[in-house]
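Got the viewer open? Let's take a walk through this one together, selecting a few residues at each stop.

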Amino acid sequence: MTTGAPTSPYTTSRPRRSRLRRYLPLGVAAWLVLEIWLLTLVAGAAGGLAVFLLLVAGFVAGSVVIKRAGRRAFQSLNEALQRGGSPERGGGNGLMMLGGLLLMIPGLVSDAAGLLLLLPPVQKAVSRYAENALDKRLRTAGAGSLKDAFQQARIHRPDGKVVQGEVLREDRPERPESGEQYPPLTR
């Protein structure tokens with residue numbers, strides 16, 4: 001049951017979409033067109049077999065890089081757990097895995113970006129930029145913004161109205177009698 005004046009779904013304004021949600025599909029489409037165009041240029045100059053071998057070599061190199069970075073991350077974690085501490089920051093394993101993944105994706109632009117991410121100076125610069133951006137975002141976030149997100153729930157009704165509510169958790173769920181099945185199989 002709702003209180004107050006009924007609202008028409010035509011009068012309510014839709015929330016504004018973020019820039020990422022607006023421009024990401026356009027960016028992905030442009031990237032795909034660029035990749036296909038470059039592959040056709042290389043195929044015209046060097047032949048289809050050369051392009052196929054380039055794509056297979058990129059996939060194999062990417063899988064080797066991912067396997068190696070994963071093994072290194074696991075060894076670092078294992079050594080840190082044996083010491084009783086936490087693994088060191090800035091190992092670069094995540095960026096190496098991302099570089100390997102970019103190598104595995106078919107295309108020349110993604111291969112170039114993957115190869116760049118395998119270089120240690122580029123890894124340091126990207127990790128420094130990501131840490132600063134995350135730190136800035138966390139500083140500008142309002143106090144308790146995540147806590148409120150976990151405490152409230154929104155229920156979207158079929159008629160388009162939103163019902164605000166709070167999530168309550170029972171500490172001790174009620175157990176049925178010993179003869180009944182839990183949860184009941186029939187109603």
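## Stop one: a charged pair

Search the whole structure for salt bridges and you get 1. Keep in mind as you look that this is a predicted model.

To see the pair, select aspartate 135 and arginine 139, whose closest N and O atoms are 2.5 Å apart. In general, side chains of opposite charge can pair when their charged atoms come close. Both partners sit in helix 5, which covers residues 120-140, and because they are 4 residues apart there, about one helical turn separates them.

Now switch on the surface. Is aspartate 135 buried, partly exposed or exposed? Aspartate 135 is partly exposed, since its relative accessible area is 37%. Arginine 139, at 61%, counts as exposed, because the exposed class starts over 50%.

## Stop two: the whole chain

Zoom out and colour by secondary structure. You'll find 6 helices and 2 strands in the protein chain. Trace the chain from the N terminus and the elements come in the order α-α-α-α-α-α-β-β. How many of the residues count as buried? Of the 187 residues, 12% do.

## Stop three: the start of helix 1

Next, select Arg16, Arg17, Arg19, Arg21 and Arg22: together they form a positive patch on the surface. Click on arginine 17, one of this group. Arginine 17 belongs to the segment that comes before helix 1, and that helix spans 19-46. With 42% relative accessibility, arginine 17 is classed as partly exposed.

## Stop four: along helix 1

Stay with helix 1 and pick leucine 32, which has its place there. Leucine 32 is partly exposed, as its relative accessible area is 42%. Add glycine 107 to the selection: leucine 32 and glycine 107 are 75 residues apart in sequence, yet their C-alpha atoms are 8.6 Å apart in space.

Then move to glutamate 35, also a helix 1 residue. Is glutamate 35 buried or exposed? Its relative accessibility is 3%, so glutamate 35 counts as buried; the cut-off for buried is under 20%. What does its side chain reach? Show the backbone of leucine 108, and you'll see the glutamate 35 side chain reaching the backbone nitrogen there at 2.7 Å.

## Stop five: helix 2

Last stop. Select Leu49, Phe52, Leu53, Val56, Phe59, Val60 and Val64 and show them as a surface. These residues make up a nonpolar surface patch, and their accessible area together is about 670 Å². Phenylalanine 52, for one, lies in helix 2.

Helix 2 runs over residues 48-83, so slide along to arginine 71, which has its place in that helix. At 48% relative accessible area, arginine 71 is partly exposed. To finish, add asparagine 93 and draw a distance between the two C-alpha atoms: arginine 71 and asparagine 93 are 22 residues apart along the chain, with 9.3 Å between those atoms.

How values were computed:
Residues are numbered from 1 along each chain as its sequence is written. This is a predicted model: local features need pLDDT of at least 70, side-chain atom pairs count only at pLDDT 80 or more; totals for chains, interfaces and linings use all residues. Side-chain values use heavy atoms; hydrogens and water are left out. Patches are made of residues with over 30% relative accessible area and no salt bridge: like charges are joined within 9 Å, nonpolar side chains (Val, Leu, Ile, Met, Phe, Trp, Tyr) within 5 Å. Accessible areas come from the Shrake-Rupley method with a 1.4 Å probe; for residues, only the protein chains shown count as cover. A salt bridge is a side-chain nitrogen of Lys or Arg within 4 Å of a carboxyl oxygen of Asp or Glu. Lys and Arg count as positive and Asp and Glu as negative; His and the chain ends are not counted. The place of a charge is taken as NZ of Lys, CZ of Arg, CG of Asp or CD of Glu. Buried means under 20% relative accessible area, exposed over 50%, partly exposed in between (1.4 Å probe, protein chains only). A polar contact is a pair of N or O atoms within 3.5 Å; within protein, one must be able to donate a hydrogen and the other to accept it, and residues adjacent in sequence count only if both atoms are side-chain atoms.
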